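Me: Please take a close look at how one part of this structure is put together, starting with its aromatic rings, and then set that part among the elements of the chain. I am new to this structure, so please explain each term as you reach it.

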Amino acid sequence: MDYVGLMRVLPAPLDHWFSAQGWALHPHQREMLARADDPATLLIAPTGGGKTLAGFLPTLAELAEAPKAGLHTLYISPLKALAADIRRNLLRPIEGAGLNIRVEDRTGDTSSTQKRRQRVDPPHILLTTPESLALMLSYEEAPRLFAAVQRVIIDEAHALAESKRGDQLMLALARLQALNPGLRRVALSATVEDPAALAQYVAPHPAPCAVLTADPGPDPDIRMLETAAPPPWAGGGAAYAIPDVLAQVRAHRTTLIFHNTRAQAEIFFHNLWLQNDEALPIGIHHGSLDRAAREKVEAAMVAGQLRAIVCTGSLDLGIDWGDVDLVIQIGAPKNVKRLVQRIGRANHRYNAPSKALLVPANRWEVVECQAALDAVRAHDLDGEPRGDGPLDVLCQHILIRACAGPFTAEDLYREVKGAGPYARLSRAAFDDCLDFCATGGYALRAYDRWKRLMQRPDGQWHLRDPRSTQAIRMNIGTIQDTDTLKVRFARNRGGAPLGEIEEGFAATLSKGDTFLIGGQIVRFEGLREMVVEVSRDAARKPKIATFNGTKFATSTQLTHRILAFLAKGDWQSLPNHTADWLRLQAEVSDLPDAGQLRIESFPWDGREHTCVYGFAGRNAQQTLGLLLTKRMEDLSLDPLGFVASDYATLIWGLKPVTDPAPLLTLDALEEGLETWLNGNAVMKRTFRASATIAGLIERNLPGLRKSGRQATFSSDILYDTLHKYDPEHLMLRITRQEAMRGLIDFGRLKEMLERIEGRITLRRLTRLPPLAAPLLLEVGRVPVQGMARERLMEEEAQRLMAEAGLN
């Protein structure tokens with residue numbers, strides 16, 4: 001279709017306002033106006049390219065020309081703060097053009113009074129999150145509330161599609177589509193590796209979804225930071241680069257310093273502050289900090305009062321936080337798409353190149369950072385296929401639907417299949433979920449507490465006990481909180497909240513222990529009513545708090561790029577210290593190869609060592625270590641332990657491996673996996689997460705919240721019961737699927753074995769090989785304790801590298 005002939009102009013008030021600002025619409029923004037009546041559109045535009053405004057322009061034009069009471073447009077974002085930011089930006093043209101359009105947000109931070117009013121008198125535009133939308137759809141008045149909705153805008157669609165939050169959102173949109181068949185969808189994203197797959201995901205199945213790609217703008221200015229000191233051989237703190245990072249902070253207006261984990265961010269901020277002799281204003285921002293502390297940092301960023309912010313994924317997405325002109329990524333990014341998203345935080349303007357620096361934390365990460373740079377320059381994004389929609393999310397959706405009123409199985413099945421992730425859902429799988437919601441499954445059907453639904457004589461399903469709606473609504477959502485405890489200063493010191501730490505870490509603390517949180521060293525005073533009370537203590541070296549969050553594994557595509565880079569043999573782009581390391585490896589052994597599995601066997605320090613260069617990512621390499629050591633035990637090879645990285649698994653023991661092929665057949669690994677999984681803690685942890693999403697375990701109850709230990713105790717009993725009496729229970733099947741593609745990541749191992757097609761090369765060496773040497777430092781980190789830890793580690797590193805020929 002020729003959309004040029006359908007090109008719309010803005011209504012006069014908006015057109016005049018844009019002209020007064022000296023602004024002109026970008027081509028993709030005009031195209032979105034022209035496509036206003038399309039059932040679904042995916043807009044891919046660079047960060048700073050005005051894609052959010054492009055998504056809203058048809059809404060603003062329609063409401064300016066013919067304003068009507070009631071909810072017209074829903075905007076869905078993955079972050080509460082993003083919704084609030086969009087509201088501020090959207091009110092500017094609305095108020096400037098004098099339009100009578102109400103814009104409100106509804107998130108977990110919205111007052112209950114405002115939420116009740118919105119259900120009776122909704123605004124024209126409502127900005128919300130997937131969880132809040134699911135909650136609104138659980139009310140009986142949902143058909144009336146959403147009767148007039150014309151458009152849904154899904155921001156940062158790629159981020160939502162990568163998690164169960166996206167699956168829940170697509171089910172909610174399928175419900176909305178059933179209430180209003182004319183509903184139009186717009187999905188917005190800056191980083192999409194497979195546009196066709198994402199379009200299919202967000203569109204109402206089987207409707208088409210047009211993909212509109214904006215001019216990507218200039219390539220980013222991105223390179224590795226040149227540092228005075230070389231990176232260490234192992235570790236992840238990048239403390240060696242702090243003087244060079246501070247020099248960059250001084251040379252720029254505002255710098256975002258990204259880390260992959262919250263604990264790493266805390267350590268780096270602490271070390272950065274100790275060397276910040278000029279007292280440059282620097283903040284820290286991550287999801288475990290108290291909301292007031294985060295908002296204080298955000299306000300200071302917008303006001304231009306901070307020179308740098310040490311942060312994590314909490315600042316990844318499209319919030320415009322002031323005049324950021326440099327992004328620094330500490331540690332290898334592990335994922336090219338995430339790196340591109342972070343780079344886009346700098347020079348957040350259309351056709352302005354972003355500026356970014358990568359700081360590898362160790363020598364292996366130098367190679368990974370170079371591979372990531374090459375991928376960014378080649379516009380080669382990565383991403384793992386999501387697969388079909390998970391059934392635990394569907395179970396929760398069925399309960400949400402029952403809260404809103406009776407339904408027939410046929411209607412709900414037809415509705416659910418309209419969601420992209422569930423387009424291939426079989427009727428048998430749907431009926432399994434419905435039966436689970438109604439009875440709890442075979443082993444639990446004798447217990448009334450898990451009989452949530454019942455069928456009326458006319459065939460419609462409804463809640464067995466209407467009072468259960470409150471508990472169901474209180475547990476809506478797919479975000480799984482790690483068991484955390486609030487941290488605040490002791491009452492006699494003001495009682496101000498600081499944030500949260502993991503319950504397991506808190507259990508290791510004794511009175512007087514110290515740890516880092518929010519960039520401060522605090523002293524543990526005691527536990528009062530499940531709150532960790534602390535005092536300030538700047539005089540001692542802290543323990544490191546552990547925070548809920550994800551430790552990323554290097555993506556499949558990025559590991560393939562690393563292998564291709566190693567095979568190239570031309571390493572001029574690398575610093576000399578790393579290029580020399582690779583050349584020495586090529587002289588004394590072999591370099592890892594994508595076409596075969598390289599294994600080294602060598603003696604060291606009185607033990608036999610086997611290093612398997614699988615390049616399958618940290619989780620899969622960890623699983624490989626568990627399976628190989630179990631197999632080696634069966635073959636009397638006497639393994640003693642192992643350590644894994646994203647690139648290799650190093651096993652040490654009493655006997656050398658002389659024939660690795662029998663250890664690495666797919667059948668042998670799958671057989672070992674079955675045995676290992678049966679009573680494994682990973683399975684119980686995964687079961688707990690899925691059972692909570694599906695409604696089998698309720699963390700939140702009226703007037704009560706279970707502690708992490710209580711929830712774990714309940715879920716472990718349920719897991720053991722089902723495993724013994726109902727091994728094919730729906731929850732156990734879901735648990736297995738989730739574990740295989742999650743913490744265990746067995747799919748990456750299968751991909752590696754399929755890639756090598758049985759080509760395994762064992763190299764027996766008499767000396768320590770250069771590439772394996774850094775892994776031995778990871779082994780040495782555990783037993784070395786005491787005040788001299790860092791000096792001993794440095795001496796151990798020097799000894800190892802000298803042995804490997806790396807003086």
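Reply: A residue is called buried when its relative accessible area is under 20%, exposed when it is over 50%, and partly exposed in between, with a 1.4 Å probe and protein chains only. The model is predicted, and for that reason local features need pLDDT of at least 70 and side-chain atom pairs count only at pLDDT 80 or more, while totals for chains, interfaces and linings use all residues. Residues are numbered from 1 along each chain as its sequence is written, and side-chain values use heavy atoms, with hydrogens and water left out.

With those terms in hand, Tyr447 counts as partly exposed because its relative accessible area is 46%, whereas Trp450, at 9%, is buried. Rings of Phe, Tyr and Trp (for Trp, the six-membered ring) are taken as a pair if their centres lie within 6.5 Å, and the planes then count as stacked under 30 degrees apart, edge-to-face over 60, and tilted for the rest. By this rule there are 13 aromatic pairs. In one of them, Tyr413 and Phe430 have ring centres 5.4 Å apart and planes at 50°, which means that the pair is tilted. Tyr413 belongs to helix H17 (residues 409-416) and Phe430 to helix H18 (residues 427-439), so the pair ties together parts that are 17 residues apart in sequence. Helices (H or I, at least four residues) and strands (E, at least two) are DSSP runs numbered from the N terminus. Both Tyr413 and Phe430 are buried. The rings of Tyr447 and Trp450, by contrast, have their centres 5.8 Å apart and their planes at 80°, so this pair is edge-to-face.

Charges also come into the picture: a charge sits over a ring if NZ of Lys or CZ of Arg is within 6 Å of the ring centre and within 35 degrees of the ring normal. The charged end of Arg427 is placed over the ring of Tyr413, 5.4 Å from its centre, and Arg452 lies over the face of Phe436, at 5.5 Å from that ring centre. Elsewhere, Trp233, Trp364, Trp581, Phe615 and Tyr647 form one aromatic cluster.

To set these residues in the chain, it helps to know the domains, whose bounds come from an automatic or database domain assignment. That assignment gives domain 1 (3-213), domain 2 (221-377), domain 3 (391-474), domain 4 (484-536) and domain 5 (589-791). The C-alpha centres of domain 1 and domain 5 are 43 Å apart.

The sheets can now be taken in turn, two strands being paired if DSSP finds at least two bridges between them. One open sheet has seven strands in the order E3-E4-E2-E5-E6-E1-E7, paired in parallel. At its edges stand strand E3 (103-106) and strand E7 (210-213), each with a single partner strand, so one side of each is left without a neighbour in the sheet. The twist of this sheet averages 20° from one strand to the next; for such angles, axes are lines fitted to C-alpha atoms, for helices over the stretch in contact, and the angles run from 0 to 180 degrees between N-to-C directions. Within the sheet, strand E5 (residues 151-154) pairs with strand E6 (residues 184-189) in the parallel sense over four bridges, and Val152 stands opposite Arg185 in E6. Helix H9 (residues 164-179) lies across strand E2 (73-76), E5 and E6, and runs at about 170° to E5.

A second open sheet, of six strands, follows the order E8-E13-E12-E9-E11-E10, again with parallel pairing. Its edge strands are strand E8 (221-224) and strand E10 (282-285), each of which pairs on one side only.

Strand E21 (residues 597-604) deserves its own look: seven of its eight residues are buried, so the strand is largely enclosed by the rest of the structure. Five bridges join E21 in parallel to strand E27 (residues 760-764), where Arg763 is the bridge partner of Glu600. Seven bridges join E21 to strand E22 (residues 607-613) in the antiparallel sense, with Arg607 of E22 as the bridge partner of Trp604. In the hairpin of E21 and E22, which has two residues between the strands, Asp605 takes a positive phi near 55°.

Terms used
Contact = heavy atoms within 4.5 Å.
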